[in-house]
Number of protein chains: 2
Amino acid sequence: MISASLEDYLEFIHNTILEKKEIKAINISKAFNISRPSVSEALIRLADMDLIIYEGRKGIKITKKGIKQAQKTVKKHKILSDFFTEVLKIDREQAEKNACKIEHVIDDEIIEKMKKYKESKLKNNE
Amino acid sequence: MISASLEDYLEFIHNTILEKKEIKAINISKAFNISRPSVSEALIRLADMDLIIYEGRKGIKITKKGIKQAQKTVKKHKILSDFFTEVLKIDREQAEKNACKIEHVIDDEIIEKMKKYKESKLKNNE
DNA sequence: ACATTAAGTTAGGTTTACCTTACAATATAG
DNA sequence: CTATATTGTAAGGTAAACCTAACTTAATGT
């Protein structure tokens, strides 16, 4: 099992690679406001779990396994955030903030029900 | 700020006192499957925060501040659990399990919206 | 009353996730 | 092409939340 912190970093790595084609340790440091040594440590742990390939300055690559893992988190994040904004009418910023925390602890079944609930609500355009 | 673990223990202390009038460290140890030394440590930390008064075998008393804090958690727990079962049709067990984790990270505003959403849904008995 | 059991504490250890300070290596700017 | 700034690593430290083993103290059974 991956921790909430590592899951956050992996999610960020994945999103950043999709967006900008590459990512460096320093970007993670800045994005999460953690020290460079802490990032090094986290990247080593992610590499130990075969979620990324880390070769220092040569860059960070995400593995198949890492992509799968990150996609799961991203999916949860999106469903939570959409449910909060569209069903509960929470503002985007707060929805995002809460999705970031809840995505690490909520079960898949609840996520699926949230998704279905939102979809059927939209269909019946209530 | 109180940690998720301490919040869990305080919630359990509060609920148990309401139900059985008293609680001992050993009950927490059994309920959460953690060692007696870990409970001692946690109780000392809760006492340091003035959430309980702890005098070893003489018992555990919850302070005003502790009751307030615990009630907040209990409220969040109940709203989450009810929302999951009544709105999303999640089974009780899973709803409880997830409420236990989410209650520590979710903002009050979302909890309030969940409560209102559920109430208005019941009123219109959809 | 005394042995056993139960409950709690002490001491010392682990892992995770952070930190700072100091150093090494690489890029960039003049 | 060297000086400076950027990025990363090493070493060592902290706090939280757990653990085990060993001890103390209190309660209980016979």
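Q: Which backbone atom of A25(B), an N or O, sits how many Å from a phosphate oxygen of DNA strand C?
A: Keep in mind that this is a predicted model. A polar contact here is a pair of N or O atoms within 3.5 Å. For A25(B), the partner on DNA strand C is a phosphate oxygen, and the protein atom is a backbone N or O, with a separation of 3.5 Å.

Q: How many residues surround DNA strand C, and which are the closest?
A: Both protein chains show up here. The count around DNA strand C is 21 residues. The closest of them are S3(A), Y9(A), R45(A), R36(B) and S40(B).

Q: What percentage of the atoms of DNA strand C within 4 Å of the protein belong to sugar or phosphate?
A: Split those atoms into two groups, with bases making up the rest. One example on the phosphate side is Y9(A), where an N or O atom of the side chain is 2.5 Å from a phosphate oxygen of DNA strand C. The sugar or phosphate part comes to 57%.

Q: Which part of DNA strand C does a polar side-chain atom of E41(A) lie 2.8 Å from?
A: Here the protein atom is a polar one in the side chain of E41(A). Its partner on DNA strand C, 2.8 Å away, is a base nitrogen.

Q: Which helix gives the most to the surface near DNA strand C?
A: Four helices each supply at least two residues: α1 (4-20) and α3 (36-48) of chain A, plus α2 (25-32) and α3 (36-48) of chain B. By residue type, that surface has eight nonpolar, seven polar and six charged. The top contributor, with four residues, is α3(A).

Q: Which residues come nearest to DNA strand D?
A: Around DNA strand D there are 21 residues. Of the strand's atoms that come within 4 Å of the protein, sugar and phosphate account for 57%. The nearest residues are R36(A), S40(A), S3(B), Y9(B) and R45(B).

Q: What kind of oxygen of DNA strand D is 3.3 Å from an N or O atom in the side chain of R57(B)?
A: Chain B reaches phosphate oxygens of this strand with backbone atoms: S35(B) at 2.7 Å and N33(B) at 3.4 Å. For R57(B), a side-chain N or O atom is involved, and the partner is a base oxygen.

Q: Where does the largest share of the surface near DNA strand D come from?
A: The residues of this surface divide into seven nonpolar, seven polar and seven charged. Four residues of the surface come from a single helix, and that helix is α3(B).

Q: How much area do chain B and chain A bury between them?
A: The contact takes 21 residues from chain B and 21 residues from chain A. Of the buried area, 60% is on carbon and sulfur atoms. The total is about 1,900 Å².

Q: Which three residues supply 28% of the area that chain B buries against chain A?
A: No other three residues of chain B give more of that area. The trio is L88(B), I110(B) and Y117(B).

Q: How many salt bridges does the rule find across the interface of chain B and chain A?
A: One salt bridge joins D107(A) and K97(B), with the closest N and O atoms 2.9 Å apart. Polar contacts between the chains are counted too, at 13 residue pairs. For salt bridges, the number is four.

Q: Which helix gives the largest share of the side of chain B that touches chain A?
A: Elements giving two or more residues to that side are α4 (64-87), α5 and α6 of chain B. The residues there divide into 11 nonpolar, two polar and eight charged. The largest share, six residues, comes from α6(B).

Q: What kind of axis relates chain B to chain A?
A: A turn of 180 degrees with a shift of 0.0 Å along the axis lays chain B on chain A with an RMSD of 0.1 Å. In chain B, I102(B) comes closest to that axis, its C-alpha at 3.1 Å. The interface fits in as well: 100% of the interface residues of chain B are also interface residues in chain A, so the copies meet through the same surface. The relation of the turn and shift is that of a two-fold axis.

Q: Which side chain makes a polar contact with the side chain of H104(B) at 2.6 Å?
A: H104(B) is in the loop between α5 (92-102) and α6 (108-123) of chain B. Leaving out residues up to four places away in sequence, H104(B) touches A4(B), E7(B) and D8(B). The H104(B) side chain also has a polar contact with the side chain of E103(B) at 3.4 Å. At 2.6 Å, the partner is E7(B).

Methods:
Residues numbered from 1 in each chain as written. Chains lettered and ligands numbered in written order. Predicted model: local features only at pLDDT ≥ 70, side-chain atom pairs only at ≥ 80, totals over all residues. Heavy atoms only, no water. Polar contact = N/O pair within 3.5 Å; in protein donor to acceptor, adjacent residues only side chain to side chain. Contact = heavy atoms within 4.5 Å. Near = heavy atom within 4 Å. Nonpolar A, V, L, I, M, F, W, Y, C, P; charged D, E, K, R; others polar. Buried area = accessible area lost by both parts, 1.4 Å probe. Salt bridge = Lys/Arg side-chain N within 4 Å of Asp/Glu carboxyl O. Least-squares fit on C-alpha atoms with pLDDT ≥ 70 in both.
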